[in-house]
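Student: I am new to this structure and would like a close look at a single part. Could you pick one helix with its surroundings and walk me through it?

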Amino acid sequence: MSAVASSSKSPALKYPPESPSLLPKACLSGIKGLQSLDPARFVTRIPILCARVDPAKVAELKRHPMLRGQIIDVKRIPSVIPIPGKQEKLLRLRVESEDELPATVREFLLAKTEGFEKDVLELGYDYWSASDVLNAILPDTATGDPPSSFTQTGHIGHVNLRDEWLPYKHLIGQVLLDKNHQMRTIVNKLDTIHAEYRYFDMEVLAGEPDFVATVNEGNCTFTLDFRSVYWNSRLGNEHDRLVSLFAPGEVVADVMAGVGPFAIPAAKKGCRVLGNDLNPEGVKWMAVNREKNKVQANLRVSETDGRAFIRSAPLSIWNDPFPPVQIPTSRKKREKAARLARTGDSSTSTSDPASADAVSPSSLPPPPSVAAPSASVPSAPAPVEPERQEVSHFVMNLPDSALTFLDAYRGAYNALASEAKADGYDPRSAKMPMVHVHCFTREMERPGAEKDICQRASKYLKYPLDMSAPELNLHFVRSVAPNKDMYCLSFRLPREVAFARD
């Protein structure tokens with residue numbers, strides 16, 4: 001045999017060309033400029049050919065290479081449907097008649113199925129997405145596609161409509177409501193923002209005028225009146241990130257706490273939280289959320305000006321610290337302690353939580369409430385005197401103006417240094433708190449943003465801050481608009497600022 005003998009190859013299998021896609025036909029047309037929603041105007045009918053198939057053969061036929069590119073390809077439409085009153089099923093094809101099928105495909109189907117049947121694919125209003133409907137009825141503009149997205153807060157969907165869409169605002173709202181069944185209310189945020197309390201004016205576009213929403217974020221539940229407080233569902237990651245920096249037992253002073261997106265999860269983590277806001281509605285709902293999340297022992301709520309709160313918090317928490325917490329014990333452990341007491345065996349392990357009297361707030365989160373023990377089970381020991389506490393973190397989540405509040409830290413610790421000296425407070429060795437301040441910048445490049453934010457912070461602190469400072473960090477949060485980014489500046493409060501005398 002020759003060393004270069006040619007090897008025989010079996011001819012490649014040839015399959016028929018694909019039939020034309022039905023996708024170009026699965027669209028809405030002729031309704032541009034529609035002023036009201038009439039479901040009958042949103043029906044598209046597409047004649048198709050179907051093959052009657054024994055149910056046992058459906059899977060085999062759908063996989064067969066001969067039918068590649070022949071079966072219906074309209075999104076969200078099943079390719080196989082039952083025939084009412086019969087055992088057979090209909091395999092939907094892309095063509096309208098047998099004559100449009102490639103000859104080999106027609107012969108294959110005649111051999112493998114029970115014959116053909118014509119049908120009409122009907123796509124009604126319920127089939128189309130919000131984007132499909134709005135693109136079909138709203139006029140074309142130079143600024144982009146019609147609005148079909150929204151931000152969700154509980155059952156409320158809120159949009160920010162550009163001026164060109166305002167004549168169609170109620171139509172847009174109704175479409176969004178129809179296409180998102182978890183929504184009950186669609187609102188449009190207006191340009192007016194109440195700077196003092198950080199909430200927007202808004203109008204109802206569709207649905208119920210119900211603004212009290214419940215939101216689940218992380219492992220917390222928040223209830224709020226969306227008309228009168230600030231809430232942004234897009235800040236969930238920032239809430240998680242900042243709370244992750246707090247250790248259980250640390251004192252967190254939330255200067256502009258709102259309904260508690262930082263304060264509640266921090267308290268649930270075991271931090272001791274001073275939650276403050278100037279908006280009475282924010283304070284009201286923060287108190288409601290404190291109860292809902294069962295963090296009453298770890299969260300104190302106040303309603304005062306941010307600057308006054310910053311200046312009073314250091315001495316306030318020193319003079320009125322949170323009480324220590326009892327180590328939670330199960331009923332099983334309490335009953336074991338009772339048995340040991342009855343037998344006179346007082347030997348217990350020092351590592352057994354049941355034997356501990358109390359711990360400082362830096363050790364554990366507060367316990368859940370437990371039922372009162374029976375008379376035969378020893379009750380929990382009385383709490384010890386609370387330890388002195390100091391603020392470990394200040395949170396300032398008012399990005400439009402929080403930097404301007406930094407002047408309040410100048411001399412904010414002088415009252416504490418004066419009044420707490422006899423109790424052992426030493427300004428020279430006391431650990432200063434971290435300050436986390438959210439802010440906006442128009443500088444889109446990182447070096448420019450760093451310079452802009454540090455310069456503005458330095459101006460109000462009257463103390464130089466730059467990126468080389470120890471423990472200073474500038475975290476990018478999100479882009480909020482073209483040429484406008486949100487950051488969080490974190491830094492250790494300089495001792496020269498805290499005890500300034502100017």
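Tutor: The protein has twelve helices and 17 strands, and this is a predicted model. Of its 502 residues, 45% count as buried. Among the contacts with a separation of 6 or more, 70% are between residues 24 or more positions apart. Let us take helix α5 as our part and work outward from there.

Helix α5 covers residues 236-243. Six of its eight residues are buried, so the helix is largely enclosed by the rest of the structure. The buried ones are Gly236, Glu238, His239, Arg241, Leu242 and Val243. What covers them includes one helix, α6 (263-269), together with the strands β9 (212-217), β14 (391-396), β15 (434-441), β16 and β17 (484-492).

A good residue to pause on is His239, which sits in α5. Its relative accessibility is 4%, so His239 counts as buried. Setting aside residues up to four places away in sequence, His239 touches Glu217, Asn232, Pro261 and Phe262.

Glu217 leads us to β9, where the side chains alternate. Ala213, Val215 and Glu217 point to one face and are buried, whereas Val212, Thr214 and Asn216 point to the other face and are not. Strand β9 also has a partner: six bridges join β9 to β10 (residues 220-225), and the two run antiparallel. One example is Asn216, whose bridge partner in β10 is Thr221. Together β9 and β10 form a hairpin with two residues between them, and in the turn Gly218 has a positive phi of about 65 degrees.

Now look at the other strands that cover α5. Here β14, β15, β16 and β17 belong to an open sheet of seven strands, ordered β13-β12-β11-β14-β15-β17-β16, with mixed pairing. The edges are held by β13 (299-302) and β16 (473-481); each has a single partner strand, so one side of each is left without a neighbour in the sheet. From one strand to the next, the twist averages 15 degrees. As background, strands of a sheet pair through backbone hydrogen bonds, either parallel or antiparallel. For a parallel case in this sheet, take β11 (residues 251-254) and β12 (residues 272-276), which are joined by four bridges. Val251 has Arg272 as its bridge partner in β12.

His239 also appears in a record. An unreviewed UniProt entry carries the annotation "binding site", which covers His239, Asp277, Leu278, Asp305, Gly306 and Asn397. Let us compare His239 with another residue on that list. Asp305 is placed in the loop between β13 and α8 (306-319). At 31% relative accessibility, Asp305 counts as partly exposed, whereas His239 counts as buried. Leaving aside neighbours within four places in sequence, Asp305 is in contact with Asn276, Leu278 and Phe405. Leu278 is itself covered by the UniProt annotation. The side chain of Asp305 also reaches the backbone nitrogen of Arg307, at 3.0 Å.

To set α5 in context, let us turn to the nonpolar cores. In soluble globular proteins, nonpolar side chains tend to be buried together. In this model the largest nonpolar core has 55 residues, of which Phe42, Val74, Leu123 and Ile137 touch the most other members. The elements giving two or more residues to this core are β1 (44-53), α1 (58-63), β3 (89-92), α2 (103-112), β4 (116-123), α3 (130-137), α4 (169-179) and β8 (199-207). Strand β1 supplies the largest share, six residues. A second, separate core of 47 residues includes Ile310, Ala430, Ala449 and Leu489.

For a last stop, go to Ala498 in helix α12 (residues 495-498). Its relative accessible area is 0%, and Ala498 is buried. Ala498 and Asn414 are 84 residues apart in sequence, yet their C-alpha atoms are 7.3 Å apart in space. Not counting residues up to four places away in sequence, Ala498 touches Tyr409, Gly411, Ala412, Tyr413, Asn414, Met432 and Leu493.

Coming back to our chosen part, you can now picture α5 as a helix largely enclosed by the rest of the structure, with the buried His239 touching Glu217 among other residues.

Definitions and conventions:
Residues are numbered from 1 along each chain as its sequence is written. This is a predicted model: local features need pLDDT of at least 70, side-chain atom pairs count only at pLDDT 80 or more; totals for chains, interfaces and linings use all residues. Side-chain values use heavy atoms; hydrogens and water are left out. Two strands pair if DSSP finds at least two bridges between them. Axes are lines fitted to C-alpha atoms, for helices over the stretch in contact, and angles run from 0 to 180 degrees between N-to-C directions. UniProt positions are given in the numbering used here, feature names are shortened, and annotations may be inferred rather than shown by experiment. Buried means under 20% relative accessible area, exposed over 50%, partly exposed in between (1.4 Å probe, protein chains only). Contact means heavy atoms within 4.5 Å. A polar contact is a pair of N or O atoms within 3.5 Å; within protein, one must be able to donate a hydrogen and the other to accept it, and residues adjacent in sequence count only if both atoms are side-chain atoms. A nonpolar core is a set of buried Ala, Val, Leu, Ile, Met, Phe, Trp, Tyr and Cys residues joined through side-chain atoms within 4.5 Å.
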